[in-house]
Each structure stands twice: as C-alpha cells, then as structure tokens.
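The following exercises concern the strand pairing of a sheet and the lining of a pocket. Each task is followed by a solution in steps.

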Amino acid sequence: MGSRAGCLAWRSVSCLLNIGNGPNKDIWSRRPRLRRQDGRQAPGGDFTGAVVDSRRYFGAIRAVETMISFKLNGNEVDVDVPEEMPLLWVLRDHLAMTGTKYGCGIALCGACTVHVNETAMRSCVLPVSAVQGAEVRTIEGLAGEAGMHPVQQAWIDEQVPQCGYCQSGMIMAVAALLAKDSDPDDETINKSITNICRCGTYPRIRRAIHHAADLQQDSA
Ligand code: FES
Ligand code: FES
C-alpha cells in the first residue's frame, strides 16, 4: 500500500476511535456500521478502546484491483490498482513520478495538474479508471527531444519559483493554456490559471507566461 493510502486509512481509523472513545461514546453504536463492498460487516468493526492496525484494516475493505492501461509521457504503462484510486496516487506511489505534487486533494490548488489528452486536469480527484487508454503527460515528460518546453525556459528566465512546490502544476497548466491560445491576454490568464501559489509568485508567473508565449512564437 502506498504512503498516501496508508495515511488515509489511519485517519479514518483515528476518526472512528475518537468517536468510540470521545465524550459522546455512550450515544454512538459500539459497533460502527462499516461494511465491505459485498455488504457484510468489515472485520474489526468494533473500535471502542481497540488498537487497530490501519494497514490490515484498510486492506480488508479496499476495492477490487483492476488492470488499467494508459500512455505516460509517451510510454505504455499498466497498473494493477483500485479503479477509483486518484491518478495522482498512481503517478506518485506506483509509477514513481513524484514531480506532480499533492496540495489540497480537493481540486482547489492545482499542484497536481497533469495533461490528459493534452488538457490540464487535477489528478488528485481524477479516478485512474478515467485515463484508461488516454495519453497522460506529467512534468517529467514536458521537455521534448529539442530541449526544454518554452514554459520551462521562461520560468528559468524569469526566476519564477520561490519554494517551488506549486510550480510543476503551474507549469503544466500554463503549457496546456499556450497549446490552445498562443498569446493569452491578462484576462484570459486570470480566468484560465487558477492554481494557487502560497509564496505569492503571481507577478513573476504572469511575466513568465507572456515571455513563454514569445518564446513559443519565435520557435514556431
Ligand atoms: S492537490 Fe489537486 S488540486 Fe490541490
Ligand atoms: S513557489 Fe512556493 S507555493 Fe508557489
């Protein structure tokens, strides 16, 4: 099990333990109604005062694994994972593509942005089954044989990153925008690039987008 799945399992179990042992424990059922996919009670359903191995528990209730095939940065890949697992987890935990980052997990920040069939998508909320047969590109596959993508070059020229955590998602979002609109104005940038940068590098990002558009036109 990947680290993210283990973390999720542990949080779920901690939550149940708090319910079972907290101030309202007398009004909660001592056997929480957790059920497996087949409708039967999951093993270890009584969490009151129990010490629970979250990995064993999560393993008992997780969904059936399915073989999913897609193209990742130009190469065919097959993964044997639950079909509802977010693409982000598959990329990071199963395919070692850790350039794509986890920020919010709820499609708000854009740190997890990748391209699916050349469209920018937030991979933290995209079930891996949705990319069956698709072409997925991550930051690791953005540069071509001729060298860096114009957006990457512009990011270096304008010295955009501060901590850098948001930047791979930001670059992927901008690359997808420039593929559709080669010279976006500020209003288009505001509407299209909704990724969040906690370091506040937005002025440099805007400059770099215009610079990348120029570089892209020069190389066309
Ligand atoms: S981690 Fe996906 S949008 Fe924030
Ligand atoms: S550079 Fe730090 S979050 Fe964007």
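Two strands count as paired if DSSP finds at least two bridges between them. The model used throughout is a predicted one.

**Exercise 1.** Determine in which sense β3 and β4 pair, and over how many bridges.

*Solution.* Step 1: β3 and β4 share four bridges, and their pairing is antiparallel. Step 2: one of the positions involved is Thr-113, whose bridge partner in β4 is Arg-122. Step 3: the two strands form a hairpin with two residues between them, and Asn-117 in its turn has a positive phi of about 50°.

**Exercise 2.** Describe the pairing of β1 with β2 and with β5.

*Solution.* Step 1: eight bridges join β1 to β2 in the antiparallel sense. Step 2: Lys-71 has Glu-76 in β2 as its bridge partner. Step 3: a hairpin is formed by β1 and β2, again with two residues between the strands, and Asn-73 in the turn shows a positive phi of about 50°. Step 4: with β5, by contrast, β1 pairs in the parallel sense over two bridges. Step 5: Leu-72 is found opposite Val-136 in β5.

**Exercise 3.** Establish the strand order of the open sheet of five strands, and explain why β2 and β4 each have one side without a neighbour in the sheet.

*Solution.* Step 1: the order reads β2-β1-β5-β3-β4, and the pairing is mixed. Step 2: β2 (75-82) and β4 (119-122) are the edge strands; each has a single partner strand, and therefore one side of each lacks a neighbour in the sheet. Step 3: from one strand to the next the twist averages 45°. Step 4: α5 packs on this sheet, with contacts to β3 (113-116), β4 and β5, and its direction makes about 35° with that of β3.

**Exercise 4.** Locate the largest pocket with respect to domain 2 and domain 3, and characterise its lining.

*Solution.* Step 1: the volume of the largest pocket is about 340 Å³. Step 2: its lining comprises 18 residues, and those nearest its centre are His-115, Glu-118, Arg-137, Leu-142 and Ala-179. Step 3: two or more lining residues come from each of β1 (65-72), β5 (135-137) and α5 (167-180). Step 4: α5 supplies the largest share, four residues. Step 5: by class, the lining has six nonpolar, seven polar and five charged residues. Step 6: since domain 2 (65-141) and domain 3 (150-219) both give residues to the lining, the largest pocket lies between these domains.

Conventions
Residues are numbered from 1 along each chain as its sequence is written. Chains are lettered from A and ligands numbered from 1 in the order in which they are written. This is a predicted model: local features need pLDDT of at least 70, side-chain atom pairs count only at pLDDT 80 or more; totals for chains, interfaces and linings use all residues. Side-chain values use heavy atoms; hydrogens and water are left out. On a 1 Å grid over the protein atoms alone, a cavity is a set of points where a 1.4 Å probe fits but cannot get out, and a pocket is an open set with protein on both sides within 12 Å along at least five of seven lines; lining residues have an atom within 4 Å of a point. Grid points are joined across faces, edges and corners, and a volume is the space filled by probe spheres set on the points. Ala, Val, Leu, Ile, Met, Phe, Trp, Tyr, Cys and Pro count as nonpolar, Asp, Glu, Lys and Arg as charged, and the others, Gly among them, as polar. Domain bounds come from an automatic or database domain assignment. Axes are lines fitted to C-alpha atoms, for helices over the stretch in contact, and angles run from 0 to 180 degrees between N-to-C directions. Contact means heavy atoms within 4.5 Å.
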